[in-house]
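Please look through the sequence and the model below before reading on. The paragraphs that follow take up the fold of one chain, then its charged pairs, and then its contact with a partner chain.

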Amino acid sequence: MEGLMTLWQSTGLANFVLGQVIMMTVGFGLLYLAIVKKFEPLLLLPIGFGALLTNIPLAGFTDAGGLLHYIYYIGIETGVFPLLIFMGVGAMTDFSALIANPKMLLLGAAAQFGIFATLFGAILLNLIPGFEFTLADAAAIAIIGGADGPTAIFLASKLAPELLGAIAVAAYSYMALVPIIQPPIMKALTNNEERQIQMEQLRPVSQREKIIFPLMVLFAAILFLPSATPLVGCFCLGNLMRECGVVDRLSKTAQNEMINIVTIFLGLAVGSKLSADQFLTVETLGILALGAVAFGIGTACGVLMAKLMSRLSGGKINPLIGAAGVSAVPMAARVVNKVGLESNPHNFLLMHAMGPNVAGVLGSAVAAGILLALV
Amino acid sequence: MENLSNLLGDAANLMLVGMVVVFAFLGLLIICIELMSKFFGGEIETKPVQSAIRPNSTNDTARSAKITAAISAAIHQHRQK
């Protein structure tokens, strides 16, 4: 009889607490979104599974000595995983649309207002009892508006590690929801005539320009914003490997094997932060709400800036492409293309939207650098 | 409460400085890119690879000559049967 009792005590059933059950449900929810709805499956699947593993009673995945504890410690606490992902993203990014039309950088800059406005909003939330965000917390939450997963994780791991799970989940969920969040904002701020504007074809860009570009960006970051160089540096290394044409093997590895391996472990490590005591708080609700606001404001500012540029250029720029300024590559650019096609079935904006889209990646890395330097 | 207004002040300050720096940095990049296009843009080196391919292609003709020889020998043998 005593043996049976001991056995019962070592089962999961006897040891579940309510929080763990809820968090496992959240984990299953993420798996559902990834597998059935195909929302960012590459990340939500390992994150959801990590959430399951971390809430298993008695298994101790996240205790010192557990697998997820080490993965988190090695990859995220040190900031290594998001930087490696950034290298892979750099190797996948083609900057020619931006080099051909550098003014698109202004759109990438305008969309970053979402980040800084949310920073203000996060502090304002302190007025509601139950919220106590410090400036560092607020900065880490605000970067969700940069719509860039690795940047958000990198900054959160430096500024507010205890909020990392909620921030990463919010960032990736909203990136998956870009096709739902952005179009209403884009349509509200433009009229049908503006949405039909056709843009001139972009000039071809020489290989030499593409090689010099990442070096130039890195050099500018070294001179003026060294705190952004971990992100910008890895990004530029990846991009240089892609464009220089002499290390195809490395470039292919960065684009495929490396980024895939890191994605698995990054997802698991983020999932390990979805434990009941850290995630089931009123702060998480606040973070989810602020993330949506950040996305909305970023999109709106990008579109408004594009409208301004359209006016100044005499109607040569379609204001829709401003929405792509909130990185979320390449989803945001695809959304722009789709909304443009709805107004004019012959107007393909995809290549034009890639310019502000990759500018947004640079913009959010720069914004992260500023927050790291000043908070 | 006073703490909160301090924080709000900090946040507003950060917002201002942040946006100015983001615009300044990316604006600087615009200038750099335009300068770069002026000096390095324009001509598109389309076929820098061709010279590298040429020695290979002589190899290829040698190889295809061998293959042709092998095939004609096979046909010859077949007809002889």
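Two residues are in contact here when they have heavy atoms within 4.5 Å of each other. With that criterion, and bearing in mind that this is a predicted model, one can ask what share of the contacts in chain A with a separation of 6 or more comes from residues 24 or more positions apart. The share is 77%, a value that describes how the contacts of chain A are distributed along its sequence.

The secondary structure of chain A consists of 21 helices, with zero strands. The radius of gyration of chain A is 22 Å, close to the 21 Å that the globule rule gives for 375 residues, and chain A is therefore as compact as a globular protein of that length. Along the principal axes, the C-alpha trace of chain A spans about 85 × 50 × 40 Å. Of the 375 residues in chain A, 57% count as buried.

Charged side chains offer a second way into the model. Side chains of opposite charge can pair when their charged atoms come close. Over all chains, the count comes to five salt bridges. One of them joins A:Lys307 to A:Glu194, with the closest N and O atoms 3.3 Å apart. This pair links distant parts of the chain, since A:Lys307 lies in helix α19 (residues 282–312) of chain A and A:Glu194 in helix α14 (residues 192–195) of chain A, 113 residues apart. Both A:Lys307 and A:Glu194 are buried.

A:Glu194 also meets A:Arg311 in a salt bridge, at 3.5 Å from N to O. Here too the pair links distant parts of the chain, with A:Arg311 in helix α19 of chain A and A:Glu194 in helix α14 of chain A, 117 residues apart. Are the two partners buried or exposed? A:Arg311 has a relative accessibility of 60% and so counts as exposed, whereas A:Glu194, with a relative accessible area of 10%, is buried, the cut-off for buried being under 20% and that for exposed over 50%.

Another salt bridge is formed by the side chains of A:Arg242 and A:Glu243, at 3.2 Å from N to O. A:Arg242 is partly exposed, with a relative accessible area of 27%, while A:Glu243, at 8% relative accessibility, counts as buried. Returning to the earlier pairs, salt bridges that share partners join A:Glu194, A:Lys307 and A:Arg311 into one network.

The last topic is the contact between the two chains. Chain A gives 44 residues to this contact and chain B gives 30 residues. The size of an interface is often given as the accessible area lost when the parts come together. Between chain A and chain B the buried area is about 3,400 Å², and carbon and sulfur atoms give 86% of that area. What is the count of salt bridges between chain A and chain B? The count is zero, although three residue pairs, both members at pLDDT 80 or more, are in polar contact between chain A and chain B.

On the side of chain A that touches chain B, the elements that give two or more residues are α8 (105–110), α9 (113–124), α15 (207–224) and α21 (350–374) of chain A. The largest share of that side, ten residues, comes from α15(A). Sorted by class, the side of chain A that touches chain B has 34 nonpolar, six polar and four charged residues.

Definitions and conventions
Residues are numbered from 1 along each chain as its sequence is written. Chains are lettered from A and ligands numbered from 1 in the order in which they are written. This is a predicted model: local features need pLDDT of at least 70, side-chain atom pairs count only at pLDDT 80 or more; totals for chains, interfaces and linings use all residues. Side-chain values use heavy atoms; hydrogens and water are left out. Buried area is the accessible area (1.4 Å probe) that two parts lose on being put together, summed over both. A salt bridge is a side-chain nitrogen of Lys or Arg within 4 Å of a carboxyl oxygen of Asp or Glu. A polar contact is a pair of N or O atoms within 3.5 Å; within protein, one must be able to donate a hydrogen and the other to accept it, and residues adjacent in sequence count only if both atoms are side-chain atoms. Helices (H or I, at least four residues) and strands (E, at least two) are DSSP runs, numbered from the N terminus. Ala, Val, Leu, Ile, Met, Phe, Trp, Tyr, Cys and Pro count as nonpolar, Asp, Glu, Lys and Arg as charged, and the others, Gly among them, as polar. The radius of gyration is taken over C-alpha atoms; the globule rule is 2.2 Å times the number of residues to the power 0.38. Buried means under 20% relative accessible area, exposed over 50%, partly exposed in between (1.4 Å probe, protein chains only).
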